[in-house]
Amino acid sequence: MTNTLHRIGGMRLALVTLAIASLPLVFFADMEPEGIGVMTAYIVPSLVVIFFFVLMLDALMNRVFMIEQPPEVQSTRRTRMWLDLAAGAAILLVWGTYFRTLLQT
């Protein structure tokens, strides 16, 4: 377990953790923008968009740096890439429905 976390890296692990932690906050995105509602109505939706693009960029860069590498390096980069893509898909699935409702009104 420790080896897997070490292979993923601290910064990437923090990014994925924050992205996953923002998923349940979609239920509070319609709060009145007063007090804590400012965070859930304005800050978290904008951070989710940033998280999504950074995750996709990281997945792309892992794929690019995987080229012409030994199998051990490719395995590590492939794990990182799929972790980024899974977190991005979760964001797209959960927050995408919220953003779609904003476009329909």
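Which residues form one aromatic cluster here? That's where I'd like to start today. The members are Trp95, Tyr98 and Phe99. Before we go in, a quick reminder that what you see is a predicted model.

First, the overall picture. The protein chain has four helices and zero strands, so reading from the N terminus you just get α-α-α-α. Put a box around the C-alpha atoms, along the principal axes, and you get roughly 50 × 30 × 15 Å. The radius of gyration is 16 Å, whereas a compact globule of 105 residues would come out near 13 Å. Of those 105 residues, 30% are buried. And if you take contacts between residues at least 6 apart in sequence, 69% of them join residues at least 24 apart.

Okay, back to the aromatics. The structure holds four aromatic pairs. Take Trp95 with Tyr98: the ring centres are 5.5 Å apart and the planes sit at 90 degrees, so this pair is edge-to-face. Both residues belong to helix α4, which covers residues 71-104, and they are three residues apart, about one turn of the helix. As a general point, an α-helix has 3.6 residues a turn, so residues three or four places apart point the same way.

Are these two buried or exposed? Trp95 is buried, with 1% relative accessible area. Tyr98 counts as buried too, at 11%, since the cut-off is under 20%.

Now zoom out to the largest nonpolar core. It has 15 residues, and those touching the most other members are Ala19, Val48, Phe51, Leu55, Ile91, Trp95 and Tyr98. So our aromatic pair shows up again in that list. Helices α2, α3 and α4 each supply at least two residues of the core, and α3 gives the most, with five. For one concrete example, look at Val48: leaving aside residues up to four places away in sequence, Val48 touches Ser22, Ile91 and Trp95.

Let's finish on α3, residues 37-66. How far should its 30 residues span? At 1.5 Å a residue you'd expect 44 Å, and the end C-alpha atoms are 42 Å apart, which agrees. Still, there is a kink in α3: about 35 degrees at Ile43, shortly before the proline Pro45. And just after α3 ends, have a look at Glu68, which takes a positive phi of about 55 degrees.

How values were computed. Residues numbered from 1 in each chain as written. Predicted model: local features only at pLDDT ≥ 70, side-chain atom pairs only at ≥ 80, totals over all residues. Heavy atoms only, no water. Phe/Tyr/Trp six-rings, centres within 6.5 Å; stacked < 30°, edge-to-face > 60°. Buried < 20%, exposed > 50% of the residue type's maximum accessible area, 1.4 Å probe, protein only. Core = buried A, V, L, I, M, F, W, Y, C linked by side-chain atoms within 4.5 Å. Contact = heavy atoms within 4.5 Å. Expected span 1.5 Å × (residues − 1). Bend = angle between axes of the 7 residues up to and from the residue. Rg over C-alpha atoms; globule rule 2.2 N^0.38 Å.
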